[in-house]
Structures are given as structure tokens and as C-alpha cells.
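Hi,

Here is the structure I wanted to pass on to you. Please have it open while you read, as my notes on its aromatic residues follow below.

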Amino acid sequence: MDEFAALERRIRRIEDREAIRVLVGRYALAMDNKDFDLVADIFAEDGRFGWVDGAFAFEGREAIVGMYRDRLKSAGPSFHYTHDQFVTWDEADGDRAGGLVLGHAETSAGPSQRLVAIRYHDRYVREGGRWLFQERLLAFLYNIPVAD
């Protein structure tokens, strides 16, 4: 690979990393704003969402949006925030990557407020020039009432 091609690849990775960082931030906004159109906009058509342990899983954009509509219809305010984000590139396919995102959330449902620590295990895909979630699996480190 010549120097120009190597530089071009490095710049592309920086741009891709930034686009994936924004994608992760848009997910937090979608949750906090209960913006189901945004949820649909950030998942691939054949996307997958659920828990790492497989106890909770939804396949396809329509099912994911429906799940969020059901789960969040009675939820109160929330605030999702992300911390470190690690991206791993699929060397065989420049339109695919994996990631691990560390985050917290403050959630409420009725009179109950909770603090949650989350690890998001992600797979990303570039479709139509945009990075989307191919898969987002959650692992909870804790999910406790604020009073505790």
C-alpha cells in the first residue's frame, strides 16, 4: 500500500469512528426523547436488539421500534450518557465494525427512579453511506433504585 492510500485509509477510519460516535449519541437521544422515528433511523432493516444473555431479543427494525414503543410508553424522564467507546474494524469488510460502549442511565417509571450501568455490545454496518446498528446487545452491571 503506498503512502497516499495508507493516509486515505487512516482518514477514512477517523471519519468512520466519528460517525459511529455520533450514532451512539443519537441512540441516547432517541431513548431520552422517546423518538421512535429516530430509533428506526439508526437501526439496520435486519437489525437485532436485546440482552447479551439472550433473555430478551428483537429481530428487525420494525420489531425493535415496536418494543421501544411498548416499553417507553409509560416511562418518565431518562438521561442516557456514554463514556468510553471502543471500535474494532472488520478487516475483510470496510462497511462493518464492532464496538463496546460503556454507559450509564438515569431512568424513571412512575414514582420509581433507577440508576443503571450498561455495557453495549455493538455491531455496526454502513448502508447507503451511513453507519447503523446491525446489533446492539446490552449487559447490565447494575440496575438499582436511586434510594439504594
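**Aromatic contacts**

Arg 136 lies over the face of Tyr 120, at 3.9 Å from the ring centre. Please keep in mind that this is a predicted model. The charged end of Arg 136 also sits over the ring of Tyr 27, 4.4 Å from the centre of that ring.

What about ring-to-ring contacts? The count comes to 13 aromatic pairs. One of them joins Tyr 27 and Tyr 120, which meet edge-to-face with 5.7 Å centre to centre and 75 degrees between the planes. Tyr 27 belongs to helix H1 (residues 3–33) and Tyr 120 to strand S5 (residues 112–127), so this pair ties together parts that are 93 residues apart in sequence. Both Tyr 27 and Tyr 120 are buried.

Another pair to look at is Phe 43 with Phe 133, which is tilted: the planes make 35 degrees, and the distance is 5.3 Å centre to centre. This pair, too, links distant parts of the chain, with Phe 43 in strand S1 (residues 43–51) and Phe 133 in strand S6 (residues 130–145), 90 residues apart. Are these two rings buried or exposed? Phe 43 has a relative accessible area of 1%, and because buried means under 20%, Phe 43 is buried. Phe 133 counts as buried as well, at 0% relative accessibility.

Finally, the four residues of these two pairs belong to one aromatic cluster: Tyr 27, Phe 43, Phe 49, Trp 51, Phe 56, Phe 58, Tyr 68, Tyr 120, Tyr 124, Phe 133 and Phe 140.

Best wishes

Methods. Residues are numbered from 1 along each chain as its sequence is written. This is a predicted model: local features need pLDDT of at least 70, side-chain atom pairs count only at pLDDT 80 or more; totals for chains, interfaces and linings use all residues. Side-chain values use heavy atoms; hydrogens and water are left out. Rings of Phe, Tyr and Trp (its six-membered ring) pair if their centres lie within 6.5 Å; planes under 30 degrees apart count as stacked, over 60 as edge-to-face and the rest as tilted. Helices (H or I, at least four residues) and strands (E, at least two) are DSSP runs, numbered from the N terminus. Buried means under 20% relative accessible area, exposed over 50%, partly exposed in between (1.4 Å probe, protein chains only). A charge sits over a ring if NZ of Lys or CZ of Arg is within 6 Å of the ring centre and within 35 degrees of the ring normal.
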